[in-house]
Amino acid sequence: MEFHILGQQLVNGLALGSIYGLIAVGYTMVYGIIGMINFAHGDVYMISAYITAICIAILSFFGISSAAFLIIITLIVTIVIVSLYGWSIERIAYKPLRNSPRLAPLISAIGVSLVLQNYVQVSQGAKTQAVPTILPGVFRFGTETDFFQITYIQVLLVVVSFASMALLTYIIQKTSLGRQCRAVQQDPKMAAILGINTDRIISTVFILGAAMAAIAGVLVTLNYGSFDFSVGFITGVKAFTAAVLGGIGSLPGAMLGGIILGMSESLFSGFVNTDYKDVFAFSLLVLVLIFRPSGLLGKPLVEKV
Amino acid sequence: MFSKPNDPPMLTAFKDSSLVGMIALLIFSPISGIILNGYGFNTHPQTPIMLAFIVFIGRFAYQLAALTPWGQRLIQKFMLSKGKRGVYVASPGDQRYLWIILAILFIAGLVLPFYLSKYYLTVAILALIYVLLGLGLNIVVGLAGLLDLGFVAFYAVGAYTFALGSQYWGLGFWSAIPLAAAFAALLGGILGFPVLRMHGDYLAIVTLGFGEIIRLVLNNWMSFTGGPNGAKAAEPSLFGLEFTRTAKTDGHIPFHEFFGTTYSPNTKFIFIYLVVFLVACLMIFFFSRLRTMPMGRAWEALREDEIACRSLGMNHVTIKLSAFMMGAMTGGIGGVFFAAQQGGFVNPTSFTFFESALILAIVVLGGMGSVVGVVVAALVLTILPEMLRDFADYRVLIFGILMVFMMLWKPRGFLPIRRPYFTKEGQA
Amino acid sequence: MSDVASPTPPSPLLSVQGLTMRFGGILALNNVNFEVQKNSITALIGPNGAGKTTVFNCVTGFYKATEGQVILNDNGKTTNLRKVLGEKFQWSDYVNPPAFLERLYYKTFGGSHRVNQAGVARTFQNIRLFREMTVMENLLVAQHNHLDRNLIRGMLNTKHYRASEKRALETAYYWLEVVNLTEDANRLAGDLPYGNQRRLEIARAMCTEPKLVCLDEPAAGLNPRETVELSTLIRHLRDKHNVTVLLIEHDMGLVMGISEHIVVLDYGQVIAAGTPAEIEVNPKVLAAYLGTEEGDAS
């Protein structure tokens, strides 16, 4: 085995995995609180990629070239707008369906996903979009010929992902808002009786999830540089896989699942076959669900009879 | 937000609608107002402003309507219709004359292809294929209540069974139908058995993953499936008669030579149409009857309450599996016809997730569980887009909006569900 | 209650031995032992949270007990109700192929439905009817395993299929008469008044031809008149249809009136068992219900 390739794949895997983890948070939180797969979440991430590109284009148009400034402004703008998307989607397509048959919100979510994809496709065209490289530069490890590299963007990506995960964990574990979220997750009815505005908490969860997807979108776009209107679908399913792998409903699980999935996918495409890396990820999903449906860190479900 | 408690209601409505309009503007602006162009951008401010204005007007009209008594009544009526279950028990003999309507429709369906141009023939065949697919998925989603988002996998398996089967083993059209059905059902069984015992929504995502796996394999296994270039299936034939100008297979004779008529490219499509039509009719009969048989009853019971079913000694896994396999089988049959309709040529781009979503839209708009509804929805959703070519770009957008709207408004479909009426002698 | 050292009277229909159930760290049931005699009416009582419904769920196969056995013994035909749910493989299975295969079989095809097939039917505390199906359909679904399910015969509407459906209808009408719901045969189950839904659920359970029927709070939400009718119905089931009844109930009037044997649970343990007269005066039971200085009974 060539160690520099292994090293490179692990670095790429870590970067990819942090992204999956960030997006998985949105799935895991929503599933935890209203027991629904937010099918449109992947497309929210896709929207954030577009907003990142638009933001960078506008800022560059005004002659701003400081990388730090560019990245911070883009992050803020993207988080705000994408959170607004998350909030509106919940408001329009899921909230009225709180007490309807089980399949209704799921189908509604698929509808939203189709709408978002097609809205972007019609407005922005089907072509692949790209952003310029903002933060060039790499750290190199190894000899002249056998080396692996970590780009500055990858470092930024991993640092920002972990920082935002830490922040989110802090919010959920330590703040009053987080306590309310956990209460609603445990027992929505009882939480409502105790005076928690469950609708507001559910909205908040959607906003938090969307914000995480927004961060992921900015980082991915800066890292890979190109995207199109359909990226949300595949990435969404993989992030969901990460959420399930880590144990749905668990925040650290989402991050752990993301990193495991990212690493194994990256190793698979480095050492086995690139064409089948998606097949590999999906097969992993099927296998996890069959053999360990509660995931690595999740609690086993007890059926209510 | 910025309305005060003692504002006149009109002003409150206006302020509220303005706020909603502003949010809409903020949401629409970046994507539809600023169009990326390389690393730069072009601005189209009129699009988001127009969209936001539509939202504002809609909201304002709603708010104003809510102020008037008739508007309130309308909203109340809407809320009531939403809450209604839309299930009724048949009264004995209420379908006495149904068979006359069915007979007329059947004959009309048989005669129709002889009056269609080649283009409309292919559209009609496609519509009937979607009727088949809709019926198949309807069993899984509508009756058994299992959300299958990878239904297209079985459709693809059917099409590729025919195409690859005729490429490698000389499989013909007629033998492909049962073989594809059996193969798709088998695959459904192998996938379903481990997956169906797990809880609820996970099934949706696993089937979605499975659908993608199948498509990716078809796309990447160049040496066997031909990859993105696709595969070619045999020409359909009837008792050794082919519908091409000259026979493609040894021992076959072209149809027009045998009957001494002139060659018409339509003949092949009329033939395919008639076969699909008859198969679709058979399936409609099959599934309507199934609903009142023990198996169909068990599916619906399972959708209503799985735990109760288990307490009654029903093996929920095998019952779900039977629905899943039955749906897969129908999807497989649909695939064979699709391959034939495409002039025998299939490639993986026909089997994307969008296709699954379209079939799901048919089932949802048809009212999940209603055979008539599914047939109507399949015909409308395939024929209408062909008629409205100008809106082709917005097709998916409209489907998506319809799906959300349908769930908000009538999650059980437009047609009420009819339950059978029983007397001591049997079903009336 | 100590170990099952007591001399076993003529074959109990159901015997629960050392039943223990843990949910995570919580010990919901701790070494529960009791027996249900054939053709008896046995009641399971106890304060809220005592673990009655957990016992029910273990007996009817909805929970897999952490430890212990649930044995159904019907006229010499013994079924281990825990085994049919499918158990984890043991190390010994890897050297004993027949045991391995048996466990594999139950893991693959086992489950709570097997418990019903063995002869245990149940109702639910929060009624679980097929609400959007008619009353008649509810009863037909319950006979699923006794019907002709052959697809081809059904499609062709053969004599055999018709006869099977006719028999099912007759059984259904019979039970509707027993629970006095014949008029409602063609109404949606969800549209029935509450009391009728309870009775329909009992009729539905009886359609599976059980040996033991477990009723989970059958009188909850019924008015006094309906409660009296219910106790008549339960007695009728036992006397005329040869079934054994195990019920959880809070209505002490009903319990004391109809049951021959009472098992009292508290904090996941059996604290007393005996005839109604014995239970009424048992100090432990009184303490559990009324509370002593150190315990709070709610």
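This passage describes the contacts that chain B makes with chains A and C, some aromatic pairs, and two residues of chain C in a predicted model.

The interface between chain B and chain A is considered before the one with chain C. About 5,500 Å² is buried between chain B and chain A, and 78% of this area is given by carbon and sulfur atoms. On the side of chain B, the residues that lose the most area to chain A are I31(B), L36(B) and Y202(B), which together account for 15% of what that side buries. The contact draws on 57 residues of chain B and 65 residues of chain A. Zero salt bridges are found by the rule across this interface, whereas ten residue pairs are found in polar contact, with both residues of each pair at pLDDT 80 or more.

Several elements of chain B contribute two or more residues to the side that touches chain A, and these are helix 1 (9-33), strand 1 (34-37), strand 2 (40-43), helix 7 (173-195), helix 8 (202-220), helix 13 (306-311), helix 15 (353-366) and helix 17 (395-409). Of these, helix 8 of chain B provides the largest share, with eleven residues. When the residues of this side of chain B are divided by class, 43 are nonpolar, eight are polar and six are charged.

The second interface joins chain B to chain C. Here the contact takes 39 residues from chain B and 45 residues from chain C, and the area buried between the two chains is about 3,900 Å², with carbon and sulfur atoms giving 62% of it. Three salt bridges are counted between chain B and chain C. The side chains of R419(B) and E137(C) meet in a salt bridge, with a nitrogen to oxygen distance of 2.9 Å. Polar contact across the interface of chain B and chain C is found for 16 residue pairs in which both residues are at pLDDT 80 or more.

The elements of chain B that each supply at least two residues of the side touching chain C are strand 3 (87-89), helix 11 (266-291), helix 12 (294-304), helix 13, helix 14 (316-341) and strand 10 (422-423). The largest share of this side comes from helix 12 of chain B, which gives seven residues. By class, the side of chain B that touches chain C is made up of 21 nonpolar, six polar and twelve charged residues. Helix 13 of chain B is thus listed both among the elements that touch chain A and among those that touch chain C.

Aromatic rings were examined next. Over all chains, the count by the rule comes to 43 aromatic pairs. One of them is formed by Y119(B) and Y120(B), whose rings lie 5.0 Å apart from centre to centre with 70° between their planes, an edge-to-face arrangement. Y119(B) counts as partly exposed because its relative accessibility is 38%, a value between the limits of 20% and 50%. Y120(B) is likewise partly exposed, with a relative accessible area of 36%. The rings of Y168(B) and W169(B) have centres 5.8 Å apart and planes at 50°, so this pair is classed as tilted. Within this pair Y168(B) is partly exposed, at 38% relative accessible area, while W169(B) is exposed, at 66%. Elsewhere in chain B, F162(B), F173(B), W174(B), F271(B) and F337(B) are linked by ring pairs into a cluster.

Two loop residues of chain C complete the description. G268(C) is located in the loop that runs between strand 9 (261-266) and strand 10 (269-274) of chain C. G268(C) counts as buried because its relative accessibility is 1%, which is under the limit of 20%. Although G268(C) and A50(C) are 218 residues apart along the chain, their C-alpha atoms are separated by 5.4 Å. When neighbours within four places in sequence are left aside, the residues in contact with G268(C) are A28(C), L29(C), N30(C), V32(C) and A50(C).

Q143(C) is found in the loop between helix 4 (135-142) and helix 5 (151-156) of chain C. With a relative accessible area of 4%, Q143(C) is buried. The side chain of Q143(C) reaches the backbone oxygen of L139(C) at a distance of 3.3 Å. Beyond its neighbours within four places in sequence, Q143(C) is in contact with A168(C), T171(C), A172(C) and C207(C).

Terms used: Residues numbered from 1 in each chain as written. Chains lettered and ligands numbered in written order. Heavy atoms only, no water. Contact = heavy atoms within 4.5 Å. Buried area = accessible area lost by both parts, 1.4 Å probe. Salt bridge = Lys/Arg side-chain N within 4 Å of Asp/Glu carboxyl O. Polar contact = N/O pair within 3.5 Å; in protein donor to acceptor, adjacent residues only side chain to side chain. Helix = DSSP H or I, 4+ residues; strand = E, 2+ residues; numbered from the N terminus. Nonpolar A, V, L, I, M, F, W, Y, C, P; charged D, E, K, R; others polar. Phe/Tyr/Trp six-rings, centres within 6.5 Å; stacked < 30°, edge-to-face > 60°. Buried < 20%, exposed > 50% of the residue type's maximum accessible area, 1.4 Å probe, protein only.
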